[in-house]
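Reader: I'm new to this one and would like a close look at a single part of it, the helix in the middle of things and whatever it packs against. Could you walk me through it slowly?

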Amino acid sequence: GSVLGNPQGKVTLVEFTDFACTYCRSSVADVEALIKEHPDLKVVVRQMPILSPQSALAAQWGLAAAEQGRYGAFHHAMFAAGRPDPATIEAAARAAGLDLDRARKFLADPRVVKEIEGNLTFARSLGFEGTPSWVIGEQMFGGAVGKDVLAKAIAEARGA
């Protein structure tokens, strides 16, 4: 799946993200730092493309990357590439080492769009309107809340 950090981690941070979201891009470094500092942290990334049709396309490629076990590489390459468009998405996919033909076949599967629609429904049911949004243990945050807020929530979830 779309997992960063330790796939067997004891503490799970869920991030709802949009590749076109500047605040999500600025949170990448925070999440990386948290992963370094917390070896037991599993970060589950859920695509929540709300900003543009290109967001949705990038999100679909994110799922294709996850299917190939390359989600982390694609996540970083896509945010580094700038705003999603067909050229930056393809460049990120190549940088992440994806098999592009396999990815394109995967994108044609109706389950891809279903998964993203499910994420949007789930996010709205939690009361999230925008990205990034976060769930850790019993706590939920909307926006680029920064590393310290997330670190405190991780500590509290671990203690629970």
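**A helix and its surroundings**

Author: Of the 160 residues in the protein chain, 44% are buried. Keep in mind that this is a predicted model. Before we zoom in, here's the overall layout. The protein chain has seven helices and five strands, and from the N terminus on they run β-β-α-β-α-α-α-α-α-β-β-α. A compact globule with 160 residues would have a radius of gyration near 15 Å, and the protein chain agrees with that at 15 Å. Its C-alpha atoms fill a box of roughly 45 × 30 × 25 Å along the principal axes. There's a lot of long-range contact too: taking contacts between residues at least 6 apart in sequence, 76% join residues at least 24 apart.

Now to the helix, α4, which covers residues 86–95. Which of its residues are buried? Those are T88, I89, A92 and A93. They sit on the same side of α4, because they cover an arc of only 140° around the axis. Turn to the other side of α4 and you find P86, A87, R94 and A95, which are exposed. So what does the buried side face? The buried residues of α4 pack against α2 (53–67), α3 (71–81) and α5 (100–107).

Have a look at the two ends as well. At the N-terminal end, D85 acts as a cap for α4, with a side-chain oxygen 2.8 Å from the backbone nitrogen of A87. Just after α4 comes G97, with a positive phi of about 75°.

Next, pick out F74. Not counting residues up to four places away in sequence, F74 touches I89, A92 and A93, and also F19, A58, W61, G62, A65 and A96. I89, A92 and A93 are among the buried residues of α4 that you just met. F74 also belongs to the largest nonpolar core, which has 37 residues; L41, V43, W61, F74 and I136 are the ones that touch the most other members. There's a second, separate core of eleven residues, and V14, M48, A59 and V112 are included in it. In soluble globular proteins, nonpolar side chains tend to be buried together.

One of the residues F74 touches, F19, leads us to the aromatic rings. How many aromatic pairs turn up in a search of the whole structure? There are four. Take F16 and F122: their ring centres are 5.8 Å apart and their planes are at 55°, so this pair is tilted. F16 is in strand β2 (residues 11–17) and F122 is in helix α6 (residues 110–125), so the pair ties together parts that are 106 residues apart in sequence. The two partners sit in different settings: F16 is buried, with a relative accessible area of 0%, while F122 counts as partly exposed at 34% relative accessibility. F16 and F122 also form one aromatic cluster with F128.

F19 has an aromatic partner of its own, F79, in a tilted pair with 4.9 Å from centre to centre and 50° between the planes. This pair links distant parts of the chain, with F19 in the loop between β2 and α1 (22–37) and F79 in helix α3, 60 residues apart. Both F19 and F79 are buried.

Let's also stop at the loop between α2 and α3, where Q68 is found. Is Q68 buried or exposed? Q68 counts as buried, at 16% relative accessibility. Apart from neighbours within four places in sequence, Q68 is in contact with L98, D99, R102 and A103. The side chain of Q68 reaches the backbone nitrogen of D99 at 2.9 Å. As for A103, its C-alpha is 8.1 Å from that of Q68, although the two are 35 residues apart in sequence.

One last stop is at the start of the chain. S2 is found in the segment before β1 (3–5), and S2 is buried, with a relative accessible area of 9%. Beyond neighbours within four places in sequence, S2 is in contact with V43, V44, V45, L63, A66 and Y71. One of these, V43, is also among the residues that touch the most other members of the largest nonpolar core.

Note on methods
Residues numbered from 1 in each chain as written. Predicted model: local features only at pLDDT ≥ 70, side-chain atom pairs only at ≥ 80, totals over all residues. Heavy atoms only, no water. Buried < 20%, exposed > 50% of the residue type's maximum accessible area, 1.4 Å probe, protein only. Helix = DSSP H or I, 4+ residues; strand = E, 2+ residues; numbered from the N terminus. Arc of directions from axis to C-beta. Contact = heavy atoms within 4.5 Å. Polar contact = N/O pair within 3.5 Å; in protein donor to acceptor, adjacent residues only side chain to side chain. Core = buried A, V, L, I, M, F, W, Y, C linked by side-chain atoms within 4.5 Å. Phe/Tyr/Trp six-rings, centres within 6.5 Å; stacked < 30°, edge-to-face > 60°. Rg over C-alpha atoms; globule rule 2.2 N^0.38 Å.
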